[in-house]
Amino acid sequence: MIEAAILASTLSADAFTAGFAYGSKKIRIPMLSVQVINVVCCAVLGAAMFFGHLVKPFLSAGVVAWVAFGILFGMGLIKLLDDIVKALIRKYRVRALEVYADPEVADVDASACLSPVEAVWLAVSLSLDGAAVGFAVVLAGINPWVLLAWSFVANMTAILLGQRFGASIAEKLPFNISWVGGVVLIVLACARFLW
């Protein structure tokens, strides 16, 4: 239960950052768009966990432990290097990942309001981490239903809070929280491996 809550909070860090970016650019995210983002992210997480459940019986306990550790640790490192990854995406103009590097790009029509259709593109970029972590979670033995429930609440809260904070303090307090999620994932990876 506690691990699921920590993982959900970690995965929602990107949602908070995206909400913050939108808020700081004065781009509104209506509640319908927030729910679209939430549903897509949870659906991708659920699909990844389902796939992990299908694969797990064919793997030995040792392989399961190493795969879960590798995915969580790898995602943690990616989070720690998030700024570098985003800079490379911007530099080499990787179209498929532009929304990941700059979430506000999803506001295609420049309406200063993220429509539900535009929200789908943002949700896909936000759910990339969830896909990898969702697969690892099942292998690590964490309850998938609890994680899905926590993720649904954490994502929605993170987007709304991020947008509010972004709108009110973006110019006063520019910061990046992506590295925090990286540290948490690495700690969880090591903890699961040691248990």
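**Helix H2 and its surroundings**

In this predicted model, helix H2 is followed by Lys26, which has a positive phi near 60 degrees. Helix H2 itself holds 12 residues, for which a rise of 1.5 Å a residue gives an expected span of 16 Å. Its end C-alpha atoms lie 16 Å apart, so expectation and model agree.

Burial is the main feature of H2. Because 10 of its 12 residues are buried, H2 is largely enclosed by the rest of the structure. The buried set consists of Ala13, Asp14, Ala15, Phe16, Ala18, Gly19, Phe20, Ala21, Tyr22 and Gly23.

One partner of H2 is helix H7. Two packed helices are described by the angle between their axes and the distance between the axes. For H2 (residues 13-24) and H7 (residues 116-140), the angle is about 150 degrees and the axes are 10 Å apart. On the H2 side, the contact is made by Asp14, Ala15, Ala18 and Tyr22. H7 contributes Leu122, Leu126 and Asp129. Five of the contact residues are nonpolar and two are charged; none is polar.

H7 was examined next. Its 25 residues, at 1.5 Å a residue, should span 36 Å. The end C-alpha atoms are 34 Å apart, which agrees with that value. H7 nevertheless carries a kink of about 40 degrees, centred on Ser127. Gly141 follows H7 and has a positive phi, near 85 degrees.

The nonpolar interior was then considered. In soluble globular proteins, nonpolar side chains tend to be buried together. The largest nonpolar core here has 19 residues. Within this core, the most other members are touched by Tyr22, Ile29, Ile37, Leu114, Leu122, Leu126 and Ile159. Two or more core residues come from each of H2, helix H3 (31-55), H7 and helix H8 (144-169). A second core is separate and comprises 15 residues, including Ala8, Leu11, Leu45 and Met49. Tyr22, Leu122 and Leu126 of the largest core also take part in the contact of H2 with H7.

Asn155 was examined last. This residue lies in helix H8. Asn155 counts as buried because its relative accessibility is 9%, under the 20% cut-off. Apart from neighbours within four places in sequence, Asn155 is in contact with Leu11, Ser12, Ala15, Asn38 and Cys41. Among these, Leu11 belongs to the second core, while Ala15 is a buried residue of H2. Ala15 also serves in the contact of H2 with H7.

Conventions. Residues are numbered from 1 along each chain as its sequence is written. This is a predicted model: local features need pLDDT of at least 70, side-chain atom pairs count only at pLDDT 80 or more; totals for chains, interfaces and linings use all residues. Side-chain values use heavy atoms; hydrogens and water are left out. Axes are lines fitted to C-alpha atoms, for helices over the stretch in contact, and angles run from 0 to 180 degrees between N-to-C directions. Helices (H or I, at least four residues) and strands (E, at least two) are DSSP runs, numbered from the N terminus. Contact means heavy atoms within 4.5 Å. Ala, Val, Leu, Ile, Met, Phe, Trp, Tyr, Cys and Pro count as nonpolar, Asp, Glu, Lys and Arg as charged, and the others, Gly among them, as polar. A nonpolar core is a set of buried Ala, Val, Leu, Ile, Met, Phe, Trp, Tyr and Cys residues joined through side-chain atoms within 4.5 Å. Buried means under 20% relative accessible area, exposed over 50%, partly exposed in between (1.4 Å probe, protein chains only). The expected span of a helix is 1.5 Å times one less than its number of residues. The bend at a residue is the angle between axes fitted to the seven residues ending there and the seven starting there.
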